[in-house]
Amino acid sequence: MQNELLAIDDAALHLSIVRKIASQAGFNTTGANSVGDAARLLRERVFDCITLDLSLGEQSGIDILKLLAEMKCRTPIIVVSGSSGEVCDETLRIGNFLNLNLCPPIPKPINLALLRKAFAQIADETQRQKLATSIGW
């Protein structure tokens, strides 16, 4: 059973890096490079994990967090951002307030070891949940 990742970033290089690391952790990755693309995909499909850049051209990753809150989404969300630590901390506070499942942020340039670890943990938990569901727990 392959896990599904939605990677939201307007930089093709960062999407490529996330896609490669996610693939190694057993994720099939769909990329979105704008708030509009991400919103459409989130309404059409179910994902096991979401990576989110906070700076998406004219719009912000916070717009995605608001949409996810409206959808009552509990999918793990990893903020992968070049924003300052203060901005990432504030994003975590907003995510917690919106009752979202935000993981610790990963700074850009992307710390590959941290991203691998986060994907491995999420993949593990997702597989456990899928197995429990399939056997009726």
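## Report on a predicted protein chain

Directly following helix α3, Lys-72 adopts a positive phi of about 55°. Helices (H or I, at least four residues) and strands (E, at least two) are DSSP runs, numbered from the N terminus. The model is predicted, so local features need pLDDT of at least 70 and side-chain atom pairs pLDDT 80 or more, while totals for chains, interfaces and linings use all residues. Residues are numbered from 1 along each chain as its sequence is written, and side-chain values use heavy atoms, without hydrogens or water.

Lys-72 is not a glycine, despite its positive phi. Lys-72 sits in the loop between α3 and β6 and is exposed, at a relative accessible area of 71%. Buried means under 20% relative accessible area, exposed over 50%, and partly exposed in between (1.4 Å probe, protein chains only). Asn-99, also a residue other than glycine, has a positive phi near 65°. Asn-99 belongs to the loop between α4 (85-97) and β7.

The helix that precedes Lys-72 is α3, residues 61-70; 7 of its 10 residues are buried, so the rest of the structure largely encloses it. Those buried residues are Gly-61, Ile-62, Ile-64, Leu-65, Leu-67, Leu-68 and Ala-69. At the N-terminal end of α3, Ser-60 acts as a cap, with a side-chain oxygen 3.0 Å from the backbone nitrogen of Ile-62.

Two of the α3 residues, Gly-61 and Leu-65, are among those that Leu-52 touches. Leu-52 belongs to strand β3 (residues 49-52). Leaving out residues up to four places away in sequence, Leu-52 has contacts (heavy atoms within 4.5 Å) with Ile-8, Gly-61, Ile-64, Leu-65, Ile-77, Ile-78, Val-79 and Val-80. Between Leu-52 and Ile-78 there are 26 positions in sequence, but the C-alpha to C-alpha distance is 6.1 Å.

Ser-81 is part of strand β6 (residues 77-81). With the same exclusion of residues up to four places away in sequence, Ser-81 touches Asp-53, Leu-54, Cys-88, Ile-106, Pro-107 and Lys-108. Lys-108 is joined to Pro-109 by a cis peptide bond, with omega near 0°. Pro-109 lies in the loop between β7 (106-107) and α5 (112-134).

The table collects the accessibility of four residues.

| Residue | Relative accessible area | Class |
|---|---|---|
| Leu-52 | 0% | buried |
| Ser-81 | 1% | buried |
| Asn-99 | 52% | exposed |
| Lys-72 | 71% | exposed |

The protein chain holds 5 helices and 7 strands. Read from the N terminus, their order is β-α-β-α-β-β-β-α-β-α-β-α. Of the contacts with a separation of 6 or more, 73% join residues 24 or more positions apart.

The radius of gyration of the protein chain is 14 Å, which agrees with the value near 14 Å for a compact globule of 137 residues. The radius is taken over C-alpha atoms, and the globule rule is 2.2 Å times the number of residues to the power 0.38. Along the principal axes, the C-alpha atoms fill a box of roughly 45 × 30 × 25 Å. Among the 137 residues, 44% count as buried.

The protein chain carries 14 positive and 15 negative side chains, with 6 Å between the centres of the two sets. Here Lys and Arg count as positive and Asp and Glu as negative, with His and the chain ends not counted; each charge is placed at NZ of Lys, CZ of Arg, CG of Asp or CD of Glu.

How values were computed
Polar contact = N/O pair within 3.5 Å; in protein donor to acceptor, adjacent residues only side chain to side chain.
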